[in-house]
Amino acid sequence: MRYSLLLLSCIFLYGISTFFKKIALNKIHPFQFEIIVAVIYAIALPIWIYTLYDNKSNESYDLKSVSLSVVCIVVGMVATILFNFLLKESRSPGTVTALVSLSPIVTLFLSYMFLQEKLTIFKILAFILALVSAILINY
């Protein structure tokens, strides 16, 4: 139940966020938007982590984990900026959002190739359905 609630909340909040982002990008440049987002994150994230994260386990961080985190952040930033440009240029933000949300297909493929994750029949069916929906949404 908790998982379902979190999932629905995430979907709903991402939808609202993208809607307001499209409105904002009609007035400002995507880079300006990302600067505003970065400032808000820089202020809010340390407060959130300090109040919610309890590090009683004395976790340590190795260089590989930190490096992978940096790569993840940089790639995510580039993807977000490209997404903002797509939203700004698009007449149909719903279509752009739906097509960009196909990114788990890339994750599925990379996980199979490099992490040796199993491809179940359900994952393959989901992959096929996602591709069919991408084709249908463009028409």
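1. How far is the sulfur of Cys 72 from the closest cysteine sulfur, and in which residue does that sulfur lie? The distance is 15 Å, and the partner is Cys 10. That is too far for a bond. Bear in mind that this is a predicted model.

2. Now take the cysteines from the other side. For Cys 10, the closest cysteine sulfur is in Cys 72, at 15 Å. A disulfide needs the two sulfur atoms within 2.5 Å, so this pair does not qualify. The count of disulfides is zero. As for surroundings, Cys 10 is partly exposed, at 37% relative accessible area. Cys 72 is exposed, at 55%.

3. Next, the interior. In soluble globular proteins, nonpolar side chains tend to be buried together. Here the largest nonpolar core has five residues. They are Leu 25, Phe 33, Phe 83, Leu 87 and Val 96.

4. Phe 83 deserves its own look. This core residue touches Thr 18, Lys 21, Val 96, Thr 97 and Val 100. That list leaves out residues up to four places away in sequence. Val 96 is on the contact list and is also a member of the core.

5. How many aromatic pairs does a search of the whole structure find? The search finds two. In one, the ring centres of Phe 19 and Phe 20 are 5.3 Å apart. Their planes stand at 70°, so the pair is edge-to-face. Phe 31 and Phe 85 also form an edge-to-face pair, with 5.6 Å centre to centre and 80° between the planes.

6. The Phe 31 and Phe 85 pair links distant parts of the chain. Phe 31 sits in helix H2, residues 30-52. Phe 85 sits in helix H3, residues 63-89. The two are 54 residues apart. Are these rings buried or exposed? Phe 31 counts as partly exposed, at 43% relative accessibility. Phe 85 also counts as partly exposed, at 28%.

7. Last, a charged residue to check. Lys 22 belongs to helix H1, residues 2-25. Lys 22 is buried, yet has no salt bridge. Which side chain of opposite charge is nearest to Lys 22? That side chain is Glu 89, 8.5 Å away. A salt bridge needs a nitrogen-to-oxygen distance within 4 Å.

8. What does Lys 22 touch, residues up to four places away in sequence aside? The contacts are Leu 87, Lys 88, Ser 90 and Pro 93. One of these, Leu 87, belongs to the nonpolar core described above.

Terms used:
Residues numbered from 1 in each chain as written. Heavy atoms only, no water. Buried < 20%, exposed > 50% of the residue type's maximum accessible area, 1.4 Å probe, protein only. Core = buried A, V, L, I, M, F, W, Y, C linked by side-chain atoms within 4.5 Å. Contact = heavy atoms within 4.5 Å. Phe/Tyr/Trp six-rings, centres within 6.5 Å; stacked < 30°, edge-to-face > 60°. Helix = DSSP H or I, 4+ residues; strand = E, 2+ residues; numbered from the N terminus. Lys, Arg positive; Asp, Glu negative; His and termini not counted.
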